[in-house]
Amino acid sequence: MAIESTQKSRVWLWVGAAVVLVIVFFVARILTRDKLPVKASPAVRAELVSTISTNGVVEPVDNKEFHSPLATSVKATYVQQGDHVKAGQLLMQLDDVAARARVATAESGLRSAQASNDTIVHGGTLEERQSLSATITRDKLDLENRQRELAALKKLQTTGAASASEVQTIEQRVTLAQDTLNTDQARQQTRYSPAERDRSSAAVADAQANLLAARSVLNQTTIRAPISGTVYSIPVGHSDFVEEGKLLLEMADLKNVRVRAYFDEPEIGRLAIGQKIRIIWDAYQGREWHGHIVLVPSTISTYTTRNVGEVLVAIDDADNKLLPNTHVTVTVTTSTAPNTLTVPREALHSENGKSFVYRVMNGELTRTPVTIGTPNLTQVPIVSGLSDGDLVATGSTNGLALEEGMPVKVVR
């Protein structure tokens, strides 16, 4: 019994010793645990500016394009790309031989149509009218002769010198002469039908339109500046052959340009007319231009691989430096909130749709739920959950994840 009792005592002694060692181990680990090095930032009040950046293309508000009105060649070019020109200045001359030939053909066609119309309006050609007039004169003389003959025969009938049948025969001849005269006079007045007159008038109108078109083509072979501005594109040269419709020259007032910006579909709801725009072109380092939105998207279209809305931006300080078709970076300010409590965006965490931050309190991390507003690229507005000056961790310096209750030391 004594031996058994001694063995039990030894077992309990070993168990107690093991428990003490475990307790000492964990206490020592807690007391000697390294503190996680973290970066932290205080919650501060600042002006929160929300922006969206995208790409855009510069385009003239009033672009002037000149296209070849016919297949011809470039006779002379009087300006170079980049030249500033005045309204009315001669820019280019095309070979106009074919255009002049078209005008001559159209003028001939108009004269022919007018001559045909005159014939119909006046009841025939001069020769035809003269011939018909002579026929009507003969008809009148024949009628007068028949009428005198009838009058004389009726007198003889009263004396019995002429029979009734003779008088009737002459009366029939008078009637026939009258009908002949009436027919020829009707031919003189209504030789052509209304449909023929309409066709003739339409032919004249068509000929006039053809002549106007031919003269317009001829006028377009001489290219003059319609406004004062800058010639920024001349894709053809002296003596080059150009087909009909070929682009010859482009010019515009480069102080009156705009940007067509392409915003991704999810961002369109944050855009509004009048919002301020900052424009940057890589060709001018350190230079920026400013403008504002004048037209928001009314539809969505595909631009390269993106679904975008096209936004028109008026440039407020255009200075002839932004060239048409230039690709620029556009940044729009969608909102500005002064005196807003903010923390760095990297301090914000989310779980199950709820936002929180890790506050640094008494050397430990404390998980703190927060209510936020609309963040920008670098800052998050805090609606509730933090106070001015509260220190929040933005991340560890060694890449370890942040956890509730973890001892930390703040490093710069």
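How many bridges join strand β2 to strand β16, and in which sense do the two strands run? In this predicted model, 13 bridges join β2, which covers residues 44–60, to β16, which covers residues 327–344, and the two strands run antiparallel. The points below begin with these strands and a separate description of a four-stranded open sheet, then turn to helices α2 and α5, whose packing involves the buried residues of α2, and end with the aromatic side chains, among which there are four aromatic pairs.

**Strand β2 and its partners**

- Within the pairing of β2 with β16, residue A46 has T340 of β16 as its bridge partner.
- Strand β2 also pairs with β11, again in the antiparallel sense, and here six bridges are found.
- On the β11 side of β2, V58 stands opposite V259.

**The open sheet of four strands**

- Four strands make up an open sheet in the order β3-β10-β8-β5, and their pairing is antiparallel.
- Strands β3 (64–67) and β5 (84–85) stand at the edges of this sheet and have a single partner strand each, so one side of each is left without a neighbour in the sheet.
- Between them in the order given, β8 (residues 229–233) and β10 (residues 247–252) pair in the antiparallel sense over three bridges.
- One of the residue pairings can be named, since T230 has A252 in β10 as its bridge partner.
- As general background, strands of a sheet pair through backbone hydrogen bonds, and this can happen in either a parallel or an antiparallel manner.

**Helices α2 and α5**

- Helix α2 runs over residues 97–121, and its 25 residues should span 36 Å at 1.5 Å a residue, which agrees with the 36 Å between its end C-alpha atoms.
- The buried residues of α2 are A99, V103, A106, L110, A113, N117 and I120, and these buried residues pack against α5.
- On the α5 side, A207 is found in the helix formed by residues 194–220, and A207 counts as buried because its relative accessibility is 9%, which is under the 20% cut-off.
- Leaving aside residues up to four places away in sequence, A207 touches A106, G109, L110 and A113.
- The C-alpha atoms of A207 and A106 are separated by 6.7 Å, although the two residues are 101 residues apart along the chain.

**Aromatic rings and a charge over a ring**

- The structure holds four aromatic pairs, and one of them is the stacked pair of Y262 and Y303, with 4.0 Å from centre to centre and 10° between the planes.
- Because Y262 lies in strand β11 (residues 257–264) and Y303 in strand β14 (residues 301–303), this pair ties together parts that are 41 residues apart in sequence.
- Y262 is buried, with a relative accessible area of 9%, whereas Y303 is partly exposed, with a relative accessible area of 21%.
- The rings of Y284 and W289 have centres 6.1 Å apart and planes at 90°, so this pair is edge-to-face.
- Y284 counts as partly exposed at 34% relative accessibility, while W289 counts as buried at 0%.
- Together with W281, the residues Y284 and W289 form one aromatic cluster.
- Elsewhere in the model, R367 lies over the face of F356, at 3.8 Å from the ring centre.

Note on methods:
Residues are numbered from 1 along each chain as its sequence is written. This is a predicted model: local features need pLDDT of at least 70, side-chain atom pairs count only at pLDDT 80 or more; totals for chains, interfaces and linings use all residues. Side-chain values use heavy atoms; hydrogens and water are left out. Two strands pair if DSSP finds at least two bridges between them. Rings of Phe, Tyr and Trp (its six-membered ring) pair if their centres lie within 6.5 Å; planes under 30 degrees apart count as stacked, over 60 as edge-to-face and the rest as tilted. Buried means under 20% relative accessible area, exposed over 50%, partly exposed in between (1.4 Å probe, protein chains only). A charge sits over a ring if NZ of Lys or CZ of Arg is within 6 Å of the ring centre and within 35 degrees of the ring normal. Contact means heavy atoms within 4.5 Å. The expected span of a helix is 1.5 Å times one less than its number of residues.
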